[in-house]
Amino acid sequence: MTLHQVPKPTESELEILQVLWQHGPSTVRFVHEELRKTKDAGYTTTLKIMQLMTEKKMLEADKSSRSHIFRPLLQEEDTQQQLLDRFLDTAFRGSASKLVMQALGNSRASKEELDEIRDLLDKLEGGTK
């Protein structure tokens, strides 16, 4: 699947994907309990969204046991890149520098984060990635 063929997850789908990326293949019950830590989510709603995500080829369900185990079919990095590209195009008219300036201007980056940014800039200027 190329980057442009990656399904575009909704906010609720992205929350489910984040649980699965962080914890690995999981049951609906586990995903639901993780989501409930930060929001009021109903079990049947979580189940329905995960079933729809399976139909959309975002998740795969292992139905060999009584409790189905879901795993993400979307890669975290690919999804982040696609979402960032869409956000960059819509919010910053495609300007990466405007995005970075806004992000750095609105929050305090740690010394470690600034060092990582410098390293990335050095690599980009050197032509390596």
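Where in the structure does Lys57 lie? Look for the loop between H3 and strand S1 (59-62), and you will find Lys57 there. Keep in mind as you explore that this is a predicted model. Lys57 is a nice place to begin, since its phi is near 65°, a positive value in a residue other than glycine. Lys57 is also exposed, because its relative accessible area of 54% is over the 50% cut-off.

Now move along the chain to Arg93, which sits in the loop between H4 and H5. Arg93 is not a glycine either, yet its phi is positive, at about 50°. With a relative accessible area of 69%, Arg93 is exposed.

One more loop residue deserves a visit. Gln75 belongs to the loop between strand S2 (69-72) and helix H4 (76-92). Its relative accessible area is 47%, so Gln75 counts as partly exposed. Try finding Trp21 from here: Gln75 and Trp21 are 54 residues apart in sequence, while their C-alpha atoms are 8.3 Å apart in space.

Let us go inside next. The largest nonpolar core has 18 residues. Those with the most contacts inside this core are Ile16, Leu17, Val31, Leu35, Met50, Met53 and Leu59. Helix H1 (11-23), H2 and H3 each supply at least two residues of the core, and the largest share, 6 residues, comes from H1.

From the core we can turn to the pockets. The largest pocket has a volume of about 530 Å³. Its lining is made of 13 residues, and nearest the centre lie Leu84, Ala96, Leu99, Val100 and Leu120. Which elements give two or more residues to this lining? They are H4, helix H5 (96-106) and helix H6 (111-126). H5 provides the largest share, with 5 residues. Sorted by class, the lining of the largest pocket holds 11 nonpolar residues, 1 polar and 1 charged.

The second largest pocket contains about 190 Å³ of space. Here, too, 13 residues form the lining, and Val28, Tyr43, Leu47, His68 and Phe70 are the closest to the centre. Helix H2 (28-36) and helix H3 (43-55) each contribute at least two residues to the lining of the second largest pocket, and H3 gives the most, with 4 residues. The classes in this lining are 5 nonpolar, 5 polar and 3 charged residues.

While you have Tyr43 in view, look for Arg29 as well. Arg29 lies over the face of Tyr43, at 4.2 Å from the ring centre.

Finally, let us hunt for aromatic rings that pair with each other. A pair of aromatic rings is described by the distance of the centres and the angle of the planes. How many aromatic pairs does a search of the whole structure find? The search finds 1 aromatic pair. The partners are Phe87 and Phe92, whose ring centres are 5.6 Å apart and whose planes stand at 75°. The pair is edge-to-face, because an angle over 60 degrees counts that way. Are these two rings buried or exposed, or something in between? Phe87 has a relative accessibility of 42%, so Phe87 counts as partly exposed. Phe92 has a relative accessibility of 14% and therefore counts as buried, because buried means under 20%.

How values were computed: Residues are numbered from 1 along each chain as its sequence is written. This is a predicted model: local features need pLDDT of at least 70, side-chain atom pairs count only at pLDDT 80 or more; totals for chains, interfaces and linings use all residues. Side-chain values use heavy atoms; hydrogens and water are left out. Buried means under 20% relative accessible area, exposed over 50%, partly exposed in between (1.4 Å probe, protein chains only). On a 1 Å grid over the protein atoms alone, a cavity is a set of points where a 1.4 Å probe fits but cannot get out, and a pocket is an open set with protein on both sides within 12 Å along at least five of seven lines; lining residues have an atom within 4 Å of a point. Grid points are joined across faces, edges and corners, and a volume is the space filled by probe spheres set on the points. Ala, Val, Leu, Ile, Met, Phe, Trp, Tyr, Cys and Pro count as nonpolar, Asp, Glu, Lys and Arg as charged, and the others, Gly among them, as polar. Rings of Phe, Tyr and Trp (its six-membered ring) pair if their centres lie within 6.5 Å; planes under 30 degrees apart count as stacked, over 60 as edge-to-face and the rest as tilted. A charge sits over a ring if NZ of Lys or CZ of Arg is within 6 Å of the ring centre and within 35 degrees of the ring normal. A nonpolar core is a set of buried Ala, Val, Leu, Ile, Met, Phe, Trp, Tyr and Cys residues joined through side-chain atoms within 4.5 Å.
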